[in-house]
Amino acid sequence: MALRDILAETRPRRSGIATAVARLKESFGERVATGEDVRRAHAHTMTYIPNQAPDAVVFAQSEEEVQRIVAICAENEAPIIPFGVGSSLEGHVNAPEGGISLDLSQMDKVLAVHAEDLDCIVEPGVTREALNAHLRDTGLFFPIDPGANASLGGMAATRASGTNAVRYGTMRDNVISLTAVMADGTIIRTARRARKTSAGYDLTRLLVGSEGTLGVITRLNLKLYGIPEAILSGVCPFPTVRDAVNTVIQTVQSGIPVARIELLDAQSMVAANAYAKLDMKPQPSLFVEFHGSPASVAEQAETFGILAADNGGGALEASARPEERSRLWKARHDMYWASVALRPGCRAIATDVCVPVSRLADCIGETQEDLDANGLIGPIIGHVGDGNFHVTLLLDMEDRREIDAAEGFMARLARRAVDMDGTCTGEHGVGQGKRGYLEAELGASVDVMRAIKAALDPKRIMNPGKIFMP
């Protein structure tokens, strides 16, 4: 979706918004904010997509309050934009038709931990770091780690993934059930706590990844895992990206149960060294982590080292010390900001695609050639164990040529991934930024999605302007 297209969209503002805001103020008083700074902070801020602020922000504190807020908005046909912490990258929290930003950050309670069943129940405003801090003394942890300290409700809504996905899966795999307030104010629970069910449609998976366009998630039942007995993390440099990716493919195909396997190209390694004050080789590298018993971790690392050496890789520099592991993964998680620091004054466009792992080397290679041919700066990183990689384009927003080149590049990247039987977005979601690519990827399935949207949200109040083109 080109920037000019987003800016050119004209969406009529709903006439009932002012009435909805007035009624919300009557019910929630000072928890309804209309100041410009608060409203702008609740719209898109992370990349070059323009900030489209809501008319008001309401801070909910319970499921019953969410239901009341939705009912008021439904009665007045005022758009509702669910908001967690605002770390999404594709304009998900923008309000292109105005309306109400429903801030769920104060719904931040861990409601239950069922250690014997390896699951927990949380409110949507609980962040992944807060949940793992709460679980620290139980010997359990929640593995989905998208980098940012995102809210779990937002992670479910965007079907988030992250560095651990190659072993533990994505949010799709780790949400057992959820509770949501639908567009008509009905509260539904999609399933019980049983680990599997054949009872009816899979409404859990329907709402996970729906980006707030069908309902507002108010409670989540999540899978938990035992903290591994031993954890080993390390870095392995390679002569080329293709050598690194071939090692990833062989690692996956060999059945090594690697927990994390992340690619940083040479440009990203330079950025990581400068930003995190590290001293790693400025070559394409794999950050890896192995979980298990001390013996199994050692065996996994040894086998990985053999595969790496066969592809020209250097020695795996690894450590089991928590502080060294934390430093390594913090450098990886800070790559957005490290990349931005490569070109002070720039704006960043973080985009992602995902392909079958057997096509990963081809896709990344063609993407690097595309960047070079168009004079673009775009460090590449990726959760390459499941075929997912990210490009962070660094742009001078005053240079129209750069913006046009970047938008052409992103369109080609999406087509390239789809042509390789992949997807235009492995984990960022569609939001506003990738609406233009969805039909090329899914064809008539998009019409089915539209029909579901129309049936569940006939007044189009749930996060309008996202996923579908007008």
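This passage looks at a pocket and three individual residues in a predicted model.

A good place to begin is the second largest pocket, which has a volume of about 870 Å³. Its lining is made up of 35 residues, and those that lie nearest the centre of the pocket are Arg159, Val208, Gly209, Thr423 and Thr425. By character, the lining divides into 13 nonpolar, 13 polar and 9 charged residues. Several helices take part: H8 (171-174), H9 (203-207), H17 (438-442) and H18 (445-456) each supply at least two lining residues. Of the contributions to this lining, that of H18 is the most, with 4 residues.

Two glutamates draw attention through their backbone. Glu211 sits in the loop between H9 and strand S10 (215-223), and its phi is positive, near 60°, although the residue is not a glycine. Glu77 likewise is not a glycine and has a positive phi, of about 55°; this residue belongs to the loop that runs between helix H4 (63-76) and strand S3 (80-83). As for their surroundings, Glu211 has a relative accessible area of 6% and is therefore buried, whereas Glu77, with a relative accessible area of 39%, is partly exposed.

The last stop is Ser339, found in helix H14 (residues 335-340). Because its relative accessible area is 2%, under the 20% limit, Ser339 counts as buried. Leaving aside residues up to four places away in sequence, Ser339 touches Ala271, Pro379, Thr392 and Leu394.

How values were computed:
Residues numbered from 1 in each chain as written. Predicted model: local features only at pLDDT ≥ 70, side-chain atom pairs only at ≥ 80, totals over all residues. Heavy atoms only, no water. Buried < 20%, exposed > 50% of the residue type's maximum accessible area, 1.4 Å probe, protein only. Contact = heavy atoms within 4.5 Å. 1 Å grid on protein atoms, 1.4 Å probe; cavity = no way out; pocket = protein on both sides within 12 Å on 5 of 7 lines; lining within 4 Å. Points joined across faces, edges and corners; volume = space filled by probe spheres on them. Nonpolar A, V, L, I, M, F, W, Y, C, P; charged D, E, K, R; others polar.
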